[in-house]
Amino acid sequence: MNPSFSNQFNVQAMLDGTRPVQFGTNVLAGLVEGIDSFRKDLEQQPRSRSLGPAMLGAFMWVDDAELLRRIAEFPSACVVVSKQQRGKHQQERLRKVADAVRDAAGFPTGALPELEELRPREDGVAPVVGPWSLPEQIRLSAVRTLGYRKAGKHLVPILHTKMLLLGELWWHDEDPLGGVADVVGFTPQRLWLGSANGTESSRRSLEFGLWMDDPALMKAAQTFLVEVLAQSEELDPDSDDLTPDLVVPDYDDEAMWEAMASFTGDEDETANSEPGA
């Protein structure tokens with residue numbers, strides 16, 4: 001018989017009557033319940049410019065079937081985990097996670113201004129962007145990885161957070177200067193913090209987890225998570241080091257200036273031409 005903790009350790013409470021707090025075993029049940037509740041509430045009150053619920057997260061590891069299903073089924077989601085080793089056991093774990101989120105929608109980088117500029121590497125280096133370059137609609141995969149792969153006995157720094165930020169994606173048709181544009185954004189609405197990894201085994205351990213909606217805390221959490229996303233890689237990358245697969249491109253400034261000058265010159269020539277010429 002496997003050892004286990006009794007339910008005597010389990011304590012549940014509510015902060016300000018609305019925000020659940022849980023101590024004890026099976027803390028992930030409260031996380032999954034909170035995800036379901038948030039999605040149901042948001043989808044029952046549709047807004048004309050809403051693109052639906054969205055999720056950002058960071059865990060040391062995620063393999064819990066219920067949590068993975070929520071991530072995979074969310075309209076927009078990206079959860080980052082610590083980079084895994086490549087032994088036989090780890091490869092099987094990675095395969096199961098990859099299979100669980102294979103059809104997930106992922107998360108659009110365009111919804112986070114800090115990621116809008118990023119582009120995929122080309123042959124391992126930053127791509128060159130010029131006036132000929134078309135905008136890229138990049139969607140991050142639902143589960144990604146971050147950090148360093150342990151080699152031998154040497155310890156490496158890891159992603160050790162356990163957090164999930166839920167919010168809403170929205171759109172409007174004006175840019176910050178009032179011009180016509182297709183703008184997408186993300187508004188955080190609920191934050192989960194805890195000690196539990198997103199793993200099936202964590203359900204048997206003594207953990208804690210709580211939901212919060214403090215604006216300053218959610219803003220700080222989003223800032224952190226956006227940087228995690230910016231530095232992340234696909235689930236099982238070849239690199240053993242921190243090697244983001246999205247980078248700031250190299251801009252061909254000379255070509256940009258030439259294109260701008262050409263466009264301005266055409267406008268001046270058209271404005272100065274005589275009618276009927």
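**Helix packing and a pocket beside H1**

In this predicted model, helix H1 (residues 27–43) packs against helix H2 (residues 65–73) at an angle of about 25 degrees, and their axes lie 10 Å apart. Because angles under 35 degrees count as roughly parallel, H1 is roughly parallel to H2. The crossing in which H1 passes H2 is left-handed.

A look at the residues involved fills in the picture. On the H1 side, the contact is made by Leu31, Val32, Ile35, Asp36 and Arg39, while H2 contributes Glu66, Leu67, Arg70 and Glu73. Sorted by class, the residues of this contact comprise 4 nonpolar and 5 charged ones, with no polar residue.

Helix H1 also takes part in a second feature, the second largest pocket, to whose lining H1 gives 7 residues, the largest share. The space in this pocket amounts to about 370 Å³. Its lining consists of 21 residues, and those nearest the centre of the pocket are Arg19, Pro20, Gly30, Gly34 and Trp211. Alongside H1, the elements that supply two or more residues to the lining are four strands: S1 (11–15), S2 (19–24), S11 (180–194) and S12 (207–212). The class make-up of the pocket lining is 10 nonpolar, 7 polar and 4 charged residues.

Taken together, H1 has a place in both features: H1 packs against H2, and H1 provides the largest share of the lining of the second largest pocket.

Methods:
Residues are numbered from 1 along each chain as its sequence is written. This is a predicted model: local features need pLDDT of at least 70, side-chain atom pairs count only at pLDDT 80 or more; totals for chains, interfaces and linings use all residues. Side-chain values use heavy atoms; hydrogens and water are left out. Axes are lines fitted to C-alpha atoms, for helices over the stretch in contact, and angles run from 0 to 180 degrees between N-to-C directions. Angles under 35 degrees count as roughly parallel, over 145 as roughly antiparallel, 65 to 115 as roughly perpendicular and the rest as oblique. A crossing is left-handed if the near helix is turned anticlockwise from the far one by less than a right angle, and right-handed if clockwise. Contact means heavy atoms within 4.5 Å. Ala, Val, Leu, Ile, Met, Phe, Trp, Tyr, Cys and Pro count as nonpolar, Asp, Glu, Lys and Arg as charged, and the others, Gly among them, as polar. On a 1 Å grid over the protein atoms alone, a cavity is a set of points where a 1.4 Å probe fits but cannot get out, and a pocket is an open set with protein on both sides within 12 Å along at least five of seven lines; lining residues have an atom within 4 Å of a point. Grid points are joined across faces, edges and corners, and a volume is the space filled by probe spheres set on the points.
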